[in-house]
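Here's a structure worth a slow walk-through. Have a look at it, then read on.

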Amino acid sequence: IPTAAWAHAFPAGRKLPQLHSLSAVAGSFGSADIARLVSCCPTLKDLHFTSQPDASLAPLKSLTALTQLE
């Protein structure tokens, strides 16, 4: 999955409150992608993804329901 695809999957201003689990096995998330994911999916419980080496994981602290991170 091209990195630019995450902006379309998790557009700014859109909420996906019923998305509780995400396994993104292809592609990688940059800092902006992670922030957008957290903004769109505040109720994530399970998250499996690959981040870019320089990506900030700090926004993940906002996911208070998160119980599994890989």
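What follows is a tour of the model, from its confidence to its sheet, helix, core and cysteines.

First, some ground rules: this is a predicted model, so local features need pLDDT of at least 70 and side-chain atom pairs count only at pLDDT 80 or more, while totals for chains, interfaces and linings use all residues. Residues are numbered from 1 along each chain as its sequence is written, and side-chain values use heavy atoms, with hydrogens and water left out.

How sure is the predictor? pLDDT is its confidence in each residue, from 0 to 100. The mean pLDDT of the protein is 91, with 99% of its residues at 70 or more. Confidence bottoms out in helix 1, at a mean of 84, and peaks in strand 2, at 97.

Helices (H or I, at least four residues) and strands (E, at least two) are DSSP runs, numbered from the N terminus. Start with the sheet: it's an open one of 3 strands, in the order 1-2-3, with parallel pairing. Strand 1 and strand 3 (68-69) are the edge strands, each pairing on one side only. Two strands pair if DSSP finds at least two bridges between them, and strand 2 and strand 3 manage it over 2 bridges, in the parallel sense. One residue to look for here is D46, whose bridge partner in strand 3 is Q68.

Now turn to helix 2. Buried means under 20% relative accessible area, exposed means over 50%, and partly exposed is in between (1.4 Å probe, protein chains only). By that yardstick, D33, I34, L37, V38 and C40 are buried in helix 2. The buried residues of this helix pack against helix 1 (5-9), strand 1 (21-23) and strand 2 (46-48).

Helix 2 also holds a salt bridge, meaning a side-chain nitrogen of Lys or Arg within 4 Å of a carboxyl oxygen of Asp or Glu. A search of the whole structure finds 1. The partners are D33 and R36, whose closest N and O atoms are 3.2 Å apart. Both lie in helix 2, 3 residues apart, or about one turn of the helix. D33 is buried at 7% relative accessibility, whereas R36, at 22%, is partly exposed.

D33 also turns up beside S28, a residue in the loop between strand 1 and helix 2. Skipping neighbours within four places in sequence, S28 is in contact (heavy atoms within 4.5 Å) with T3, W6, D33, T50, S51 and Q52. S28 counts as buried, at 18% relative accessible area.

Next comes the core. In soluble globular proteins, nonpolar side chains tend to be buried together. A nonpolar core is a set of buried Ala, Val, Leu, Ile, Met, Phe, Trp, Tyr and Cys residues joined through side-chain atoms within 4.5 Å. The largest one here has 16 residues, and F10, F29 and L37 touch the most other members. Helix 2 (residues 31-40) gives the largest share of this core, 4 residues. Beyond its neighbours within four places in sequence, F10 is in contact with residues including F29, L37, C40 and C41.

Those two cysteines raise a question: how many disulfides are there? A disulfide is a pair of cysteine sulfur atoms within 2.5 Å, and the count comes to 0. That's because the sulfur of C40 is 5.5 Å from the closest cysteine sulfur, in C41, too far for a bond. C40 is buried at 0% relative accessibility, and C41 is buried with a relative accessible area of 0%.

Note on methods. pLDDT is the predictor's confidence in each residue, from 0 to 100.
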